[in-house]
Amino acid sequence: MADDVALRSVTEADLKVIERFLAEPEVAGPFEWHGWKDPFRFRRRWAENGLLGDDGGTLMVALGADALGFVAWRKVVTSMSSYCWNMGIGLLPEFQGKGYGTEAQRLLVRYLFAHTQVHRIEAATDVGNIAEQRSLEKVGFQREGVMRGHAFRDGTWHDTLLYGVLRDEV
């Protein structure tokens with residue numbers, strides 16, 4: 001059940017799961033495959049700080065002992081004195097469409113509002129990624145606009161939808 005989904009810190013064994021998103025196009029999926037990338041970048045960052053830093057982080061999405069994928073966030077400076085988080089998710093294909101991603105994103109939003117002082121969390125997704133749009137809306141995000149020609153993937157520019165949720169909306 002999606003209610004049993006939990007977030008936890010990344011272990012060294014989890015790095016193999018995360019690295020699959022950089023090495024296997026079918027795992028990254030049609031909206032997140034951006035070509036071959038350094039497959040060891042997460043391993044280096046994990047050795048440095050466990051993938052948890054002041055400018056962002058990564059947590060595993062887990063169901064019991066099973067790693068389903070990961071959630072991540074990064075700092076976006078919005079003015080000289082403020083910032084928000086931009087968050088995303090990567091779930092292994094066999095765990096998609098079961099509500100796990102929605103619950104993981106709900107947990108991440110609660111975590112970030114509980115443990116940081118940000119007022120806003122945003123997420124972006126391809127205009128064709130209907131499943132992610134529904135998931136974000138279930139979590140409480142509001143669609144804020146279309147960023148035209150925002151992401152280059154598979155030889156063409158793609159439009160991206162921007163979603164946001166404020167602290168007092170959760």
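Helix α1 and helix α3 touch through a handful of side chains in this predicted model: Leu15, Lys16, Ile18, Glu19 and Leu22 on the α1 side meet Arg41, Phe42, Arg43 and Trp46 on the α3 side. Sort the residues of that contact by type and you get five nonpolar, four charged and no polar ones. Two packed helices are described by the angle between their axes and the distance between the axes. Here α1 (residues 15-23) and α3 (residues 41-49) have axes that come within 9 Å and cross at roughly 145°.

Which residues of α1 are buried? They are Leu15, Val17, Ile18, Glu19, Phe21 and Leu22. Helix α3 has company in covering them: the cover also includes α2 (25-28) and the strands β3 (56-63), β4 (66-79) and β5 (82-91).

Now for the strands. Here is how β5 pairs up with two of its partners:

| Strand pair | Sense | Bridges |
|---|---|---|
| β4 and β5 | antiparallel | ten bridges |
| β5 and β6 (residues 120-126) | parallel | two bridges |

If you want to find the β4 and β5 pairing on screen, look for Phe70, which stands opposite Gly90 in β5. These two strands make a hairpin, with two residues between them.

On the β6 side, Asn86 has Glu122 as its bridge partner in β6. How does the chain get from β5 to β6, and is the crossover right-handed or left-handed? It passes through helix α4 (residues 100-115), and this β-α-β crossover is right-handed.

So β5 turns up three times in this picture: as part of the cover over the buried residues of α1, in the hairpin with β4, and in the parallel pairing with β6.

Notes
Residues are numbered from 1 along each chain as its sequence is written. This is a predicted model: local features need pLDDT of at least 70, side-chain atom pairs count only at pLDDT 80 or more; totals for chains, interfaces and linings use all residues. Side-chain values use heavy atoms; hydrogens and water are left out. Axes are lines fitted to C-alpha atoms, for helices over the stretch in contact, and angles run from 0 to 180 degrees between N-to-C directions. Helices (H or I, at least four residues) and strands (E, at least two) are DSSP runs, numbered from the N terminus. Contact means heavy atoms within 4.5 Å. Ala, Val, Leu, Ile, Met, Phe, Trp, Tyr, Cys and Pro count as nonpolar, Asp, Glu, Lys and Arg as charged, and the others, Gly among them, as polar. Buried means under 20% relative accessible area, exposed over 50%, partly exposed in between (1.4 Å probe, protein chains only). Two strands pair if DSSP finds at least two bridges between them. A crossover is right-handed if, with the strands pointing away from the viewer, the path from the first strand over the helix to the second runs clockwise.
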